[in-house]
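Welcome! Please take a moment to turn the model around on your screen, and then let us walk through it together.

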Amino acid sequence: MDWKTASIHYAKRLEDALTIRRYASQLAQLSQVRTLDGINDISRVLNDEGKQAERQKKRLDKGEFRIAVVGLEKAGKSTFVNAWLGCDLLPTKSQRCTFTTTQIYSVPDDSNQRLEVDPKTYQAFERLCRELEATKNGTDRSQAEKAEADLQTIRKNDHTLKKVLEEPPLRESFINLEDIKNDLRKYVADACYAHAIQEARLFTSRLAEAEGIVFYDVPGLDSGLAKHIEESREMLTDCDAVILIQRYPSLRGHEKDLIKFAREGDKHIGLEEKLFVFFARMDSFASHEAFKKDYEAVVHEWQQEKNALS
Ligand SMILES: Nc1nc2c(ncn2[C@@H]2O[C@H](COP(=O)(O)OP(=O)(O)OP(=O)(O)O)[C@@H](O)[C@H]2O)c(=O)[nH]1
Ligand SMILES: [Mg+2]
């Protein structure tokens with residue numbers, strides 16, 4: 001199914017769910033029902049889940065289709081989105097380099113192309129530092145080391161980061177993606193600046209053939225920051241397709257958590273309908289046989305996941 005057909009299909013499903021919810025809420029208001037045990041909890045759940053469905057439907061009606069590109073650190077998420085854009089734009093390197101989520105929107109013509117970058121508030125920056133301190137003192141050694149490294153970077157660049165916090169939001173128009181490459185790298189991937197950035201939004205005509213699609217290039221799930229896991233979770237609750245970039249032949253703990261969350265987070269569209277798995281780095285296999293072995297392991301594990309879903 002292409003994404004436009006999926007969009008219509010999802011919107012219809014959400015509309016049906018909202019109609020049923022409306023009837024159920026009206027029933028819950030009847031005097032004969034209002035006195036039943038637990039009815040307040042049921043009404044609250046109906047209300048909360050209805051809000052999420054309404055938000056999702058409004059977005060689809062506007063023609064916006066959200067695709068979250070998720071995966072472990074260094075799985076190749078940014079490389080994947082760059083291939084889609086046909087431009088080596090998002091920062092990719094062998095060390096951790098995506099600190100901030102970049103949202104990529106499509107606009108129909110070149111004159112509307114722009115980059116928007118919002119710095120964090122002081123409170124959000126302080127929250128990040130507190131969170132890093134807590135992770136540093138936690139029991140997970142690998143997460144603690146990453147948090148320690150981040151704190152050292154923050155301490156070393158304290159002056160620059162505080163200046164970024166005070167900067168007004170960046171609004172930069174451009175014609176060629178290459179023109180904003182440096183700014184994007186600076187605010188998303190250069191740790192001297194990126195820790196002070198809340199969000200980056202890119203509006204480009206490079207996705208014009210897929211007008212309405214919004215890509216989310218997110219930091220790795222295992223980055224050690226609860227903020228990144230939170231961001232991925234928020235996105236998964238409110239996105240229409242998930243592309244999981246899988247780096248290893250068997251799923252890791254963070255990937256499994258994410259699948260579990262995506263499955264439970266969206267009550268209306270099943271994960272089996274919206275998840276796409278991209279097995280990355282096929283070119284790095286030494287031989288066709290080595291690739292085939294891993295590929296078969298991946299397919300087998302996903303087959304089991306799919307059986308568990310249905
Ligand atoms: N050989 C090979 N290298 C790849 C492939 N995809 C990504 N890489 C390399 O792997 C490294 C990490 O890629 P990124 O795209 O930055 O990975 P990421 O998931 O965005 O990383 P973070 O955002 O930092 O978590 C880079 O050096 C890429 O050049 C691939 O398909 N083949
Ligand atoms: Mg990245």
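R201 and D118 are both buried. In this predicted model, the two side chains form a salt bridge, with their closest N and O atoms 3.1 Å apart. If you trace the chain, you will find R201 in strand β5, which covers residues 197-204, and D118 in strand β3, which covers residues 114-119. The pair therefore links distant parts of the chain, for its members are 83 residues apart in sequence and both count as buried, that is, under 20% relative accessible area. Nor do they stand alone: salt bridges that share partners join R201 and D118 with R114, E116, R171 and E199 into one network. Across the whole structure there are 20 salt bridges.

Stay with strand β5 a little longer, since Q198 lies there too. Is Q198 buried, partly exposed or exposed? Its relative accessible area is 34%, so Q198 counts as partly exposed. Leaving aside neighbours within four places in sequence, Q198 is in contact with T100, D118, P119, K120 and A124. You have already met D118 as the salt-bridge partner of R201. T100 is 98 residues from Q198 along the chain, yet the C-alpha atoms of the two are separated by 6.8 Å.

Now step back to see how the protein is divided. Domain 1 takes in residues 1-62, while domain 2 is made of the pieces 64-119, 173-189 and 196-309. Taken over C-alpha atoms, the centres of the two domains are 29 Å apart. Their contact draws 17 residues from domain 1 and 18 residues from domain 2. About 1,600 Å² of area is buried between them, and carbon and sulfur atoms give 49% of it. On the side of domain 1, the residues that lose the most area to domain 2 are W3, Y10 and R59, which together make up 44% of what that side buries.

What kinds of links run between the domains? The count between domain 1 and domain 2 is five residue pairs in polar contact, with both residues at pLDDT 80 or more. For salt bridges, the count between the two domains is three. On the domain 1 side, the elements that give two or more residues to the contact are α1 (3-29) and α3 (39-61). Helix α1 gives the most, with nine residues. Sorted by class, the side of domain 1 that touches domain 2 has seven nonpolar, four polar and six charged residues.

Let us look at some salt bridges in turn. One of them joins the side chains of K62 and E64, at 4.0 Å from N to O. Another pairs D240 with R59, whose closest N and O atoms are 2.7 Å apart. Which parts of the chain does the pair of D240 and R59 tie together? D240 lies in the loop between α10 (226-237) and β7 (241-246), whereas R59 lies in helix α3, so the pair ties together parts that are 181 residues apart in sequence. D240 is buried, with a relative accessible area of 0%, and R59 also counts as buried, at 5%.

Helix α3 holds a further salt bridge to find. The side chains of D61 and K57 meet at 2.7 Å, N to O. Both residues lie in helix α3, four residues apart, which is about one turn of the helix. K57 is buried, with a relative accessible area of 15%.

From D240 you can move on to K274, which has its place in helix α12, residues 271-274. At 1% relative accessibility, K274 counts as buried. Which residues is K274 in contact with, leaving aside its neighbours within four places in sequence? They are Y10, L236, C239, D240, A241, V242, D266 and I269. Two names in that list may ring a bell: D240 is the salt-bridge partner of R59, and Y10 is one of the residues of domain 1 that lose the most area to domain 2.

For a last stop, go to helix α5, residues 122-136, where T135 is found. At 18% relative accessibility, T135 counts as buried, because the cut-off is under 20%. T135 and E148 are 13 residues apart in sequence, and their C-alpha atoms are 8.4 Å apart in space.

Conventions. Residues numbered from 1 in each chain as written. Chains lettered and ligands numbered in written order. Predicted model: local features only at pLDDT ≥ 70, side-chain atom pairs only at ≥ 80, totals over all residues. Heavy atoms only, no water. Domains from an automatic or database assignment. Contact = heavy atoms within 4.5 Å. Buried area = accessible area lost by both parts, 1.4 Å probe. Polar contact = N/O pair within 3.5 Å; in protein donor to acceptor, adjacent residues only side chain to side chain. Nonpolar A, V, L, I, M, F, W, Y, C, P; charged D, E, K, R; others polar. Buried < 20%, exposed > 50% of the residue type's maximum accessible area, 1.4 Å probe, protein only.
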